[in-house]
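User: I'd like a close look at one part of this protein, the buried strand and what sits around it. Could you walk me through it, then show how the rest of the model is put together?

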Amino acid sequence: MSHLSQRPEKPVVGLPLPHESAGLHVTGAALYTDDLVHRTKDVLHAYPVQVMKAHGAITALRTGPALAVPGVVRVLTGADVPGVNDAGMKHDEPLFPDTVMFHGHAVAWVLGETLEAARLGAAAVEVELDEKPSVITLREAMAAGSFHGARPVMVTGDVDAGFEDSAHVFTGEFHFSDQEHFYLETHAALAHVDENGQMFVQSSTQHPSETQEIVAHVLGLHSHEVTVQCLRMGGGFGGKEMQPHGFAAVAALGARLTGRPVRVRLNRTQDLTMSGKRHGFHAAWRIGFDAEGRIQALEATLTADGGWSLDLSEPVVARALCHIDNMYWIPNARVTGRIARTNKVSNTAFRGFGGPQGMLVIEDIMGRCAPLLGLDPMELRERNFYRQGHSTPYGQRVLHPERISAVWREVQGDARVADRRAEIAAFNAAHPHTKRALAVTGIKFGISFNLTAFNQAGALVLVYKDGSVLINHGGTEMGQGLHTKMLQVAATTLGIPLHKVRLAPTRTDKVPNTSATAASAGADLNGAAVKNACEQIRERLLQVAGTRLGANASDVRIVDGVARVLGGEEVLAWDDLVRTAYFQRVQLSAAGFYRTEGLHWDAKMFQGSPFKYFSYGAAAAEVEVDGFTGAYRIRRVDIVHDVGDSLSPMIDVGQVEGGFVQGAGWLTLEDLRWDAGDGPHRGRLLTQAASTYKLPSFSEMPEEFNVRLLENATEEGAVYGSKAVGEPPLMLAFSVREALRQAAAAFGPEGVCVELASPATPEAVYWAVESARSGGAVYGEQPRGEQAACGQADGEPADDGGGADGDPGGGGGADGAGASALSHA
């Protein structure tokens, strides 16, 4: 076993401990960025001047009327920026734009003594616009050739030969929706200048170092003149990886110009209309199977809706390509990615970071093609699993493919799949207007940042004379339990009780040059860095203990806060050991560092090993669908998920549950709608609140929900044998979508193929039911070249690229998701 993964005697990691701030959360005592306003004197409030047009050049910006509003102190414009007027890492996101690029784009910010004064001042600013044509939907962008950024191509094998060798070839397309993060805490920042002229920014950010970098270049400062701190976030899900930087820069600029603290906090409507979402995608594909249903070749083009600027769209698309295989071996593939430029908010990171989009494409293909091949969907999936010796289309060897079969087999046992499917068949036979279905799907998700340089982390651990320990690391806490795991890692490595260790807020002046807390790599990277720092201190203390106990340091162990020699009786308490070390002038602090080994990636060739390992999981979901309305309920979900040797099982089970529910929301409920008509509100987000944007709630939770972590799954080369947990469980919700597809198909004849939009809202399920009733596409022995339709039911609204405000026939966030043709050549 590797040094990094080996656990000592009586480790604190592995214990099912509650979240370190759970008590603070439920009592309301936990502080978030905006809570600090009430502890800060003379704070100014910032309010955005939003332009409610989708596209146009600013011809006039008059701030005088705002300055006449009582309580308004200053209006910030591009002329006030002393450094670079840009809030992005690609230099394509002007902080104060001269061209409006999306409906609700902020062109100036008003500072007021009160939030109300700032709001009234913002309303008084006069903006004149030379309105220009806009591109709103993904289909419009594709038709207009509106693209930006890289266009990666992933190729493996001989695709043409693969199709020639295929007994069955299907073609189709799939258009699926974006998703709003809807974190509980909206974007927030609080900035002030200290007595030395240094800029200090409190920010709700997943990437403090990048926030620091952006603030510095906007102000024309060096990074050492800016400190960014993140106490905690009330959720992030990727939405606070890149997008907090501009808001922090506005607060910092205001503080620099006025000499007073400045607060930025978006209300919910502003957050929804000004911040990016999960990328919606369009996929056009062709797939070939042999006579037994094994994939021979895949050709696909994935188009992401990037919005008005690049943000993180390029790595999102790259990860989508790297995950289009999911658990399936595809010997011959050619997959192209591209990014559409639209006049909407700039889409950004979201839990899974393109992985869910790529995996959804192949799972949709499997679900649609199974009945056309005359195979049970579970059987089709299992026949195509990765096996020992297989590599991904981008050239990475799939290690531990036996875990794919393990989670698949175990979840079927836990869920009693065989018995329940017989029960479901009997139920469906007796209920003509209500149908049930049980689907099983699995996941394979790569863990590491796409950009190799991001796979590093630092930590600073301080041991004080009284034996107490303070740890600092570069990861941020957004409710996911990272800080809890870091406390457990530190206590385990030092061999002391958990209560001896405290964790400090994440700050750029304690741990520099950190990577974002993203890519599910927070515990892997920061845990290894914390472990490294603690090991340095422990080795020094073992030397001291060996001298006191009259033994070699190599024979001393520190367990439960007590140092003792192996086989000996004499002990030395931790506090005494630390005090002795201090008087012997032994250093009691250490900076830890970790870099993930074994990664290499050629972005141009789209080949290499970009991931440290893969996480695996499987879910079985049973649903019940009403044939009159398309309404459904999730009756039961069983999950077996691989997190290696869990650092903190209670935290990890919670993450699996939460990720699954968020995935189910994306796939079945959350329907972002934009006004794509030609009226005056073109480009406006129509779903601007929880009243119009449906989020998962208790009523959408599975009636029975069973989650189990895979046992005996130590991951070599990861901190204490653990694996990442944050993103992979989201994709387990594919099981719900596939169960809905199968339940809809149960209303039609045996072997019917139905398409299902994403999100699979009750309306979408209703149209799928109607398609099944009308016959859909039924598998049969067909001569090569004959078409088998698998598309819209009669009377289903056609996708017209969106409609005007209030038109139920268009404007959908998914651009008519799933309404496409599938043919069998």
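Analyst: Here is a walk that starts at one strand and works outwards.

Keep in mind that this is a predicted model. The strand to look at is β18, residues 469–473. Is β18 enclosed or not? With 5 of its 5 residues buried, β18 is largely enclosed by the rest of the structure. In a regular strand, side chains alternate between the two faces of the sheet. Here V469, I471 and H473 point one way from β18, while L470 and N472 point the other way. Both sets are buried, so neither group of side chains escapes the cut-off of under 20% relative accessible area.

Now for the neighbours. Strand β17, residues 456–463, runs antiparallel to β18, and 5 bridges join the two. If you want a landmark for that pairing, find L462, whose bridge partner in β18 is L470. β17 and β18 form a hairpin with 5 residues between the strands. Within this hairpin, G467 takes a positive phi near 95 degrees.

β18 also pairs with β19, residues 501–503, this time in the parallel sense and over 3 bridges. L470 turns up again here, standing opposite R502 in β19. Between these two strands you can trace a right-handed β-α-β unit, made by β18, helix α14 (residues 482–494) and β19.

Helix α14 is worth a pause, as H483 lies in it. Is H483 buried or exposed? H483 has a relative accessibility of 5%, so it counts as buried. Leaving aside neighbours within four places in sequence, H483 is in contact with E20, H473, G475, T476, E477, L503 and T506. H473 in that list is one of the β18 residues, and L503 is among the members of a nonpolar core of 54 residues. That core also includes A529, L541 and L572.

A little sideways from here is D576, which is in helix α16, residues 574–583. D576 has a relative accessible area of 35%, so it is partly exposed. D576 and D466 are 110 residues apart along the chain, yet their C-alpha atoms are separated by 8.4 Å.

Next comes a small piece of sheet. It is an open sheet of 3 strands in the order β21-β22-β23, with antiparallel pairing. β21 (556–559) and β23 (571–573) stand at the edges with a single partner strand each, so one side of each has no neighbour in the sheet. From one strand to the next, the twist averages 25 degrees. β21 is joined to β22, residues 562–565, by 4 bridges, and I558 stands opposite A563 in β22. Helix α15, residues 522–549, packs on this sheet and touches β21, β22 and β23. The direction of α15 makes about 115 degrees with that of β21.

There is another open sheet to look at, with 4 strands in the order β16-β27-β28-β29 and mixed pairing. Its edges are β16 (434–447) and β29 (704–709), each with a single partner strand, so one side of each is left without a neighbour in the sheet. Neighbouring strands here are turned by 15 degrees against each other on average, direction ignored. β16 and β27 (residues 613–626) run antiparallel, with 14 bridges between them. One of the pairs is G442 with A618 in β27. Helix α18, residues 734–745, packs on this sheet and touches β16, β27 and β28 (632–641). Its direction makes about 150 degrees with that of β16.

Then there is the largest nonpolar core, which has 110 residues. Those with the most contacts inside this core are I287, F289, L302, F660 and L740. Helix α10, residues 355–373, gives the largest share, 10 residues. For a sense of how F660 is surrounded, its contacts beyond four places in sequence are V637, I639, P702, F705, P729, L730, L732, A733, S735 and V736. The core of 54 residues mentioned earlier lies apart from this one.

One last stop is towards the start of the chain. An unreviewed UniProt entry annotates residues 27–133 as "domain: Aldehyde oxidase/xanthine dehydrogenase a/b hammerhead". In the model, that stretch is 14% helix and 34% strand, and its end C-alpha atoms are 50 Å apart.

Definitions and conventions: Residues numbered from 1 in each chain as written. Predicted model: local features only at pLDDT ≥ 70, side-chain atom pairs only at ≥ 80, totals over all residues. Heavy atoms only, no water. UniProt positions renumbered as here; feature names shortened; annotations may be inferred. Pairing = 2+ DSSP bridges. Axes fitted to C-alpha atoms, helices over the stretch in contact; angles between N-to-C directions. Contact = heavy atoms within 4.5 Å. Core = buried A, V, L, I, M, F, W, Y, C linked by side-chain atoms within 4.5 Å. Buried < 20%, exposed > 50% of the residue type's maximum accessible area, 1.4 Å probe, protein only. Right-handed = clockwise from strand over helix to strand, strands pointing away.
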